[in-house]
Every structure is written in C-alpha cells, then in structure tokens.
Amino acid sequence: MVDILFVVLATFAICGGLGMLLFAQPIYSAMSLIVCLVALGGIFALLSAPFLFMVQIILYAGAIITLLLFIIMFLNIRDDELPKEPNKIKTIAIGAILLVPFNILVFQAFSTLPQKPMHILGEGFGGIQSFGIELFRGWLVPFELISILILVALVGSVVYARKDKSNG
Amino acid sequence: MQERTRVMAESLLSYVTLAMILFSIGFLGVISRKNVFIVYMSIELMLNAVSLIFVALGRYYETIEPQVIAMLIIAIAAAEAAVFLSMIVVLYRKKGSLDSDIFKVLAQKEFHG
C-alpha cells in the first residue's frame with residue numbers, strides 16, 4: 001500500500017518537474033511546480049514528517065508559488081514577449097548526458113550506507129510537539145537569524161519595488 | 001547487499017534517487033531556459049530536492065534535526081521569493097523583457113546605446 005503511494009507521488013513529482021522544465025508559458029510551469037511540490041509534501045509525510053508536510057503545502061504551494069503566480073499575472077506577458085529559446089531541447093539533452101556521471105557518483109556514495117527498513121514512525125516523531133522542542137532548544141539562534149533575514153528581505157523588496165522619482 | 005525483498009517506500013535509495021532526479025531537472029532548468037521565472041522555479045525545485053535528501057536521511061538515522069533544517073530552508077526560500085520577484089518586477093519595468101541574458105547588466109543607471 002505504502003509502495004503504491006510512493007510510486008504515485010514520485011511519478012507526480014517527476015512529471016511536475018518535467019512539465020516545469022518543458023512548458024514555454026511561465027504560468028503553466030508554475031502550475032506544474034505546484035503539482036510537484038504537493039507530491040513532495042506527500043513524500044515528506046511518508047518519511048514520517050507530518051508537520052513538514054503541512055508546512056510544505058501551506059507555505060510552499062500556498063504562499064510562495066501563489067506569490068509567483070500573482071507576479072506572473074501582474075506582469076501580463078504576451079506570447080511574443082517571451083524570450084526566444086531556439087536550442088532549448090538540445091541544451092537539455094546535452095546537460096542531461098553530462099549530469100549522468102554526477103548522479104552515478106551520488107548514488108554510489110549513498111549505496112555504501114547499510115540498508116535498513118524505514119517504516120513510518122508513529123506518534124512523537126515529526127509531530128508538532130517534538131518539532132517545536134527541537135527547534136527552540138537546538139536551533140534557536142538560526143531561527144532568530146532567519147527572522148532577521150526575512151525582515152531584511154521584506155524591507156529590501158519594498159525598496160526595490162518603489163517608484164524611483166529621480167531616475168524617472 | 002543484504003536481502004532484496006524490501007518494499008521500495010522503505011529504502012533510502014529510492015528517496016535519494018527521486019531527489020537526484022528532481023535536482024537534475026532543476027539544474028537543467030537553470031542552465032537551459034532563458035525565462036527568469038523558469039530559472040527561479042528551477043532553483044526552488046533544487047532547494048526542495050536537497051531538503052528531501054535531508055528529511056530522508058533524518059528518517060534513516062531517526063533524528064528530527066534535518067526536519068528543522070528543511071523548515072529553515074523553506075523560510076529562506078520565502079525570503080528569496082520576496083526579493084527575487086520584486087527584482088524581476090523592477091527589471092521588467094526597466095528592460096521590458098524576461099530574457100535572462102539582458103539581466104547581465106545589473107547597474108542602476110541605464111546605458112542608452
């Protein structure tokens with residue numbers, strides 16, 4: 001049962017990624033990326049990370065990609081304004097061939113680890129309580145630094161997007 | 001290799017393979033597409049593939065710290081989204097195109113010629 005789930009979710013994730021890579025229109029690509037990210041959220045749930053599954057769907061698919069979709073619709077790009085990509089397929093094929101040795105290397109590195117079954121763990125692993133305890137005990141400083149980073153990003157994006165009076 | 005009768009969803013290697021495929025797709029998107037939106041989405045996909053490897057290894061060693069790291073990756077992606085998208089809006093207003101090749105000049109002043 002869990003095997004079927006994994007295969008279906010992985011197929012959705014890979015098809016979403018390929019769709020994102022191959023569609024010419026950015027809005028179709030963003031939709032494919034949403035499919036891919038939601039499927040990845042399901043895979044996080046299979047890896048006994050229910051809180052991360054929730055965060056992935058709410059934050060990634062719900063906020064970040066929605067912001068991206070909003071910007072794509074806001075710019076309202078016509079077909080003839082899209083950049084010309086005459087040798088897209090050729091570059092993808094050459095890049096895919098060049099990436100094969102890298103993937104084989106990573107795969108061999110991971111296959112030296114001893115195999116052990118990874119069942120879905122029950123309550124208490126990856127839930128909101130154990131996650132929060134770990135976050136606020138071991139990772140408090142990175143957490144605060146990231147809140148400062150998000151504040152800086154907020155200010156920076158407002159400064160970027162403001163109309164520049166002096167330059168016209 | 002030990003016994004091979006295990007289900008796919010419980011072996012580390014299947015998750016690692018999925019993450020590698022997604023990372024490769026993201027990398028191909030960065031090197032082969034010219035639309036900046038697609039480049040941005042490919043970067044997001046690569047970040048997700050890396051956090052998938054983190055979470056799979058965390059399940060393998062039965063520790064929860066990688067999930068915290070994946071959460072921090074999501075937070076960084078949110079900050080990146082804000083800055084990147086506002087930058088795309090500004091550059092599109094100035095240059096009127098989404099081709100990543102014309103973004104080589106990131107200076108404030110226009111060149112006019």
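The expected span of a helix is taken as 1.5 Å times one less than its number of residues. Held up against that yardstick in this predicted model, H3(B) does about what it should: its 31 residues reach 44 Å from the first C-alpha to the last, close to the expected 45 Å. Just after H3(B) comes B:Gly96, which has a positive phi, near 70°.

H3(B) also has a good list of buried residues. Toward the start of the list are B:Pro66, B:Gln67, B:Val68, B:Ala70, B:Met71 and B:Ile74, and the rest are B:Ala81, B:Ala82, B:Phe84, B:Leu85 and B:Ile88. The cover over these buried residues comes from both chains: it includes helix H3 (50-75), helix H5 (128-138) and helix H6 (140-161) of chain A, along with H2 of chain B.

That leads to the contact between the chains, to which chain B gives 63 residues and chain A gives 75 residues. On the chain B side, the elements that put in two or more residues are helix H1 (12-32), helix H2 (36-61) and helix H3 (65-95). H3(B) supplies the largest share of that side, with 22 residues. Sorted by class, the chain B side holds 43 nonpolar residues, twelve polar and eight charged.

One piece of the picture is the pairing of the two H1 helices. H1(A) and H1(B) pack with their axes 9 Å apart and at an angle of about 10°. Since angles under 35 degrees count as roughly parallel, H1(A) is therefore roughly parallel to H1(B). From H1(A), the residues that meet H1(B) are A:Phe6, A:Ala10, A:Ala13, A:Ile14, A:Gly17, A:Leu18, A:Met20 and A:Leu21. Across from them in H1(B) sit B:Ser14, B:Leu18, B:Ile21, B:Leu22, B:Ile25, B:Leu28 and B:Gly29. This contact has twelve nonpolar and three polar residues, and no charged ones.

The nonpolar core is next. The largest one has 66 residues, and B:Ala19 and B:Leu52 have the most contacts inside it. At least two residues of this core come from each of helix H1 (2-22), helix H2 (26-46) and H3 of chain A, and from each of H1, H2 and H3 of chain B. H2(B) gives the most, with 13 residues. As for B:Leu52, setting aside its neighbours within four places in sequence, its contacts are A:Leu40 and A:Ile43 in chain A, plus B:Tyr15, B:Leu18 and B:Ala19 in chain B. B:Leu18 turns up again here, having already appeared among the H1(B) residues that meet H1(A).

Note on methods: Residues numbered from 1 in each chain as written. Chains lettered and ligands numbered in written order. Predicted model: local features only at pLDDT ≥ 70, side-chain atom pairs only at ≥ 80, totals over all residues. Contact = placed C-beta atoms within 7 Å. Helix = DSSP H or I, 4+ residues; strand = E, 2+ residues; numbered from the N terminus. Nonpolar A, V, L, I, M, F, W, Y, C, P; charged D, E, K, R; others polar. Buried ≥ 20, exposed ≤ 12 C-beta atoms within 10 Å, placed from the backbone. Core = buried A, V, L, I, M, F, W, Y, C linked by C-beta atoms within 7 Å. Axes fitted to C-alpha atoms, helices over the stretch in contact; angles between N-to-C directions. Parallel < 35°, antiparallel > 145°, perpendicular 65-115°, else oblique.
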